[in-house]
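Good morning, everyone, and thank you for making room for me today. I would like to walk slowly through one model, so please keep the picture open while I talk.

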Amino acid sequence: MRKQQREAILALLEETYMGTETALNYSTPFELLVAVIMSAQCTDERVNKITARIFPKYNTPEKMGALSQEQLEEEIRDCGLFRSKAKNLLATCKMLTEEYNSVIPDTVEELMKLPGVGKKTANVVASIVYKVPAIAVDTHVFRVSHRLGLAKGDDPLAVEKELQKAIPKNKWSDAHHWLIWHGRKICKARKPLCSECVLVELCPYKEKNL
DNA sequence: AACTCGGGGCA
DNA sequence: TGCCCAGAGTT
């Protein structure tokens with residue numbers, strides 16, 4: 001890919017990701033954490049449907065933690081892996097209330113201590129909620145980066161390094177957020193919505209898809 | 001580093 | 001129907 005094209009994509013991306021209304025725009029850190037945990041192997045639509053229904057009722061670790069395993073399973077039944085997610089969510093709520101005074105931790109290290117929260121989830125929450133500079137390469141970030149030609153590496157760690165090199169550090173958090181959102185809503189694994197993509201003119205991948 | 005887990009989505 | 005997959009946890 002030409003350097004100019006790459007620069008243009010980065011510039012447009014930077015213009016775009018600031019202030020984009022994203023799918024991960026939840027009103028509290030707790031809600032974001034819950035949504036991200038539920039998002040694994042689950043479509044955006046399903047997660048949104050569930051969160052819209054349950055957050056008015058259970059929007060704090062105390063309230064959600066007061067549910068039984070069966071009750072929470074029933075609430076999140078529509079998303080994949082709901083049994084283990086319910087179990088992890090309850091344990092996480094309990095830990096948050098008992099050990100963290102119901103405040104979502106602001107470091108990757110602390111976040112990863114929560115049950116069901118691994119490297120990816122911890123990085124997403126830290127970077128989106130607390131603007132910790134991080135770009136954790138999940139499948140969405142991996143796919144979008146390759147399609148846009150921002151990275152060539154064939155493993156997530158290589159892609160992470162390429163992105164970190166290409167993007168100024170003070171933009172990592174916003175770029176991370178945007179790449180995830182874009183991968184979930186527009187640049188989907190199957191049937192990407194190229195006609196709705198702000199980068200379509202510059203994207204090398206669109207030619208294959210259109 | 002390799003394996004397991006569980007359920008949605010697709011051929 | 002059977003295979004794949006994302007990400008966390010386990011060995």
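Let me begin at Arg46, where an N or O atom of the side chain lies 3.3 Å from a phosphate oxygen of DNA strand B. Please keep in mind throughout that this is a predicted model, and that what I quote has been computed from it.

Arg83 also has a side-chain N or O atom next to this strand, in this case 2.8 Å from a phosphate oxygen of DNA strand B. With Gln41 we turn to a base, since a polar atom of the Gln41 side chain is 2.5 Å from a base nitrogen of DNA strand B. If you look at what surrounds the strand as a whole, you will find Gln41, Arg46, Gly80, Leu81, Arg83 and Arg190, and by class these are one nonpolar, two polar and three charged residues. Of the strand B atoms that come within 4 Å of the protein, 67% are sugar or phosphate atoms, while the rest belong to bases.

Now please turn to DNA strand C. Which residues are around DNA strand C? They are Gln41, Pro115, Gly116, Val117, Gly118, Lys119, Lys120, Thr121, Asp138 and Thr139, and for this strand sugar and phosphate make up 77% of the atoms within 4 Å of the protein. Sorted by class, the surface near DNA strand C holds two nonpolar, five polar and three charged residues, and the element that gives the most to it is α8, with three residues.

Some individual contacts are worth finding on your screen. Gln41, which we met beside strand B, also has a side-chain N or O atom 2.3 Å from a base nitrogen of DNA strand C. Thr121 places an N or O atom of its side chain 2.6 Å from a phosphate oxygen of DNA strand C, whereas for Thr139 a polar backbone atom is the partner, at 3.2 Å from a phosphate oxygen of that strand.

Let me step back to the protein chain. Chain A is divided into domain 1, which covers 3-21 + 135-209, and domain 2, which covers 29-130. The centres of the two domains, taken over C-alpha atoms, are 26 Å apart, and ten residues of domain 1 are in contact with twelve residues of domain 2.

What about the interior? In soluble globular proteins, nonpolar side chains tend to be buried together. Here the largest nonpolar core has 63 residues, and the members that touch the most others are Met64, Ile76, Leu148 and Leu163. Several helices give two or more residues to this core, among them α1, α6 and α11, and the largest share, eight residues, comes from α2. Both domains take part, for the core draws at least three residues from each of domain 1 and domain 2. As an example, Met64, apart from its neighbours within four places in sequence, is in contact with Phe30, Val34, Ile54, Phe55, Tyr58, Leu72, Leu90 and Cys93.

I will finish with Thr51, which sits in helix α3. Is Thr51 buried or exposed? Thr51 counts as buried because its relative accessible area is 4%, and the cut-off for buried is under 20%. Setting aside neighbours within four places in sequence, Thr51 is in contact with Tyr26, Ala35, Met38 and Pro56.

Notes: Residues are numbered from 1 along each chain as its sequence is written. Chains are lettered from A and ligands numbered from 1 in the order in which they are written. This is a predicted model: local features need pLDDT of at least 70, side-chain atom pairs count only at pLDDT 80 or more; totals for chains, interfaces and linings use all residues. Side-chain values use heavy atoms; hydrogens and water are left out. A nonpolar core is a set of buried Ala, Val, Leu, Ile, Met, Phe, Trp, Tyr and Cys residues joined through side-chain atoms within 4.5 Å. Buried means under 20% relative accessible area, exposed over 50%, partly exposed in between (1.4 Å probe, protein chains only). Helices (H or I, at least four residues) and strands (E, at least two) are DSSP runs, numbered from the N terminus. Domain bounds come from an automatic or database domain assignment. Contact means heavy atoms within 4.5 Å. A residue is near a molecule or strand if one of its heavy atoms lies within 4 Å of it. A polar contact is a pair of N or O atoms within 3.5 Å; within protein, one must be able to donate a hydrogen and the other to accept it, and residues adjacent in sequence count only if both atoms are side-chain atoms. Ala, Val, Leu, Ile, Met, Phe, Trp, Tyr, Cys and Pro count as nonpolar, Asp, Glu, Lys and Arg as charged, and the others, Gly among them, as polar.
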